[in-house]
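I'm opening my notebook on a new structure today. I want to look at its empty spaces, its nonpolar cores and the positions a record flags.

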Amino acid sequence: MSKHTDPAAGENGENTTHFGFRDVPESQKASMVREVFDTVASKYDLMNDLMSGGIHRLWKDTFINELKPRPNMKLLDVAGGTGDIAFRFLKNGGGSVTVCDINYEMLHVGRDRAADHGILKNINWTVGDAQKLPLPDHSVDAYTIAFGIRNVTRIEEALSEAFRVLRPGGKFQCLEFSKVVVPGFDKLYDTYSFKLLPEIGRFIAGNREAYQYLAESIRKFPDQETFASMIRAAGFERVKYRNLSGGIAAIHSGWRV
């Protein structure tokens, strides 16, 4: 993630980071991201449908298939407030899951969805920051984060925390929008993302700016190889990635050995 000291960003020359295409003080990004998701929480599924053309549901199915849930597996799903990954994990034979999200509104949506689907056992909901997880060392068998890590202020710290809470032999898995690798398709995708998506967001959710930020945040996220290098630097081994839909999204994984 790009980060630099900009004397104009704060009175004390505070480090800045990106919020979409804007540079903002690091201390402000989390609250700015929280505000975005407060405004879209009730329409989060619709948001993902718009951003992926509905394909995010298939991506998440593939993501869970690669995780290979087991009855004794304990999962931490970070930035998973609405429960999409947690529900799939339990449905596919997983043991127990803790859903951790910095945004209370997202967790509220997830708990309501869980109740609607009769999912009341083996699932816990907790407010927490990916950069400082409220879990002890070596406490989970698997760590997942889907469409959340690009919103973290310091990605390196989130990866270090993932490594910390995983037991030896535990698996890290991340699903995130990534860099399109199909020649020509990237221009079409850019047109959709920056011309059409914000207007659709304005029409559907009454918030053009939130959808503009979401499109920009995707472009600021590291490409597949760069992100894989960051995962290795956090201590993970056997790191690999799998492109989905021509690189619109990618699954990255690694193991704590």
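Here are my entries on this predicted model.

**Entry: cavities.** I looked for enclosed empty space and got 2 cavities of 30 Å³ or more. The largest has a volume of about 80 Å³. I then checked its lining: 13 residues, with A79, G80, D84, I85 and A146 the closest to the centre. Helix 2 (44-52) and helix 4 (84-91) each give two or more residues to that lining. By class I noted 5 nonpolar, 5 polar and 3 charged residues.

**Entry: cores.** In soluble globular proteins, nonpolar side chains tend to be buried together. So I went looking for that here, and the largest nonpolar core has 39 residues, of which W59, F89, V97, I123 and L175 touch the most other members. Helix 8 (residues 208-220) gives this core 6 residues, the most of any element. I picked I123 and, skipping residues up to four places away in sequence, found it touching A86, F87, L90, V97 and V99. There is also a second, separate core of 28 residues, including I145 and F163.

**Entry: the record.** UniProt, in an unreviewed entry, lists T82, D101, D129 and A130 under "binding site". From this set, T82 is in the lining of the largest cavity. T82 sits in the loop between strand 4 (74-78) and helix 4.

Is T82 buried or exposed? Its relative accessible area is 4%, so T82 is buried, given the cut-off of under 20%. Beyond four places in sequence, T82 touches Y44 and R113, among others.

D101 is in strand 5 (residues 96-101). D101 counts as buried too, because its relative accessibility is 7%. Its contacts farther along the sequence include A79, G80 and M106.

Key: Residues numbered from 1 in each chain as written. Predicted model: local features only at pLDDT ≥ 70, side-chain atom pairs only at ≥ 80, totals over all residues. Heavy atoms only, no water. 1 Å grid on protein atoms, 1.4 Å probe; cavity = no way out; pocket = protein on both sides within 12 Å on 5 of 7 lines; lining within 4 Å. Points joined across faces, edges and corners; volume = space filled by probe spheres on them. Helix = DSSP H or I, 4+ residues; strand = E, 2+ residues; numbered from the N terminus. Nonpolar A, V, L, I, M, F, W, Y, C, P; charged D, E, K, R; others polar. Core = buried A, V, L, I, M, F, W, Y, C linked by side-chain atoms within 4.5 Å. Buried < 20%, exposed > 50% of the residue type's maximum accessible area, 1.4 Å probe, protein only. Contact = heavy atoms within 4.5 Å. UniProt positions renumbered as here; feature names shortened; annotations may be inferred.
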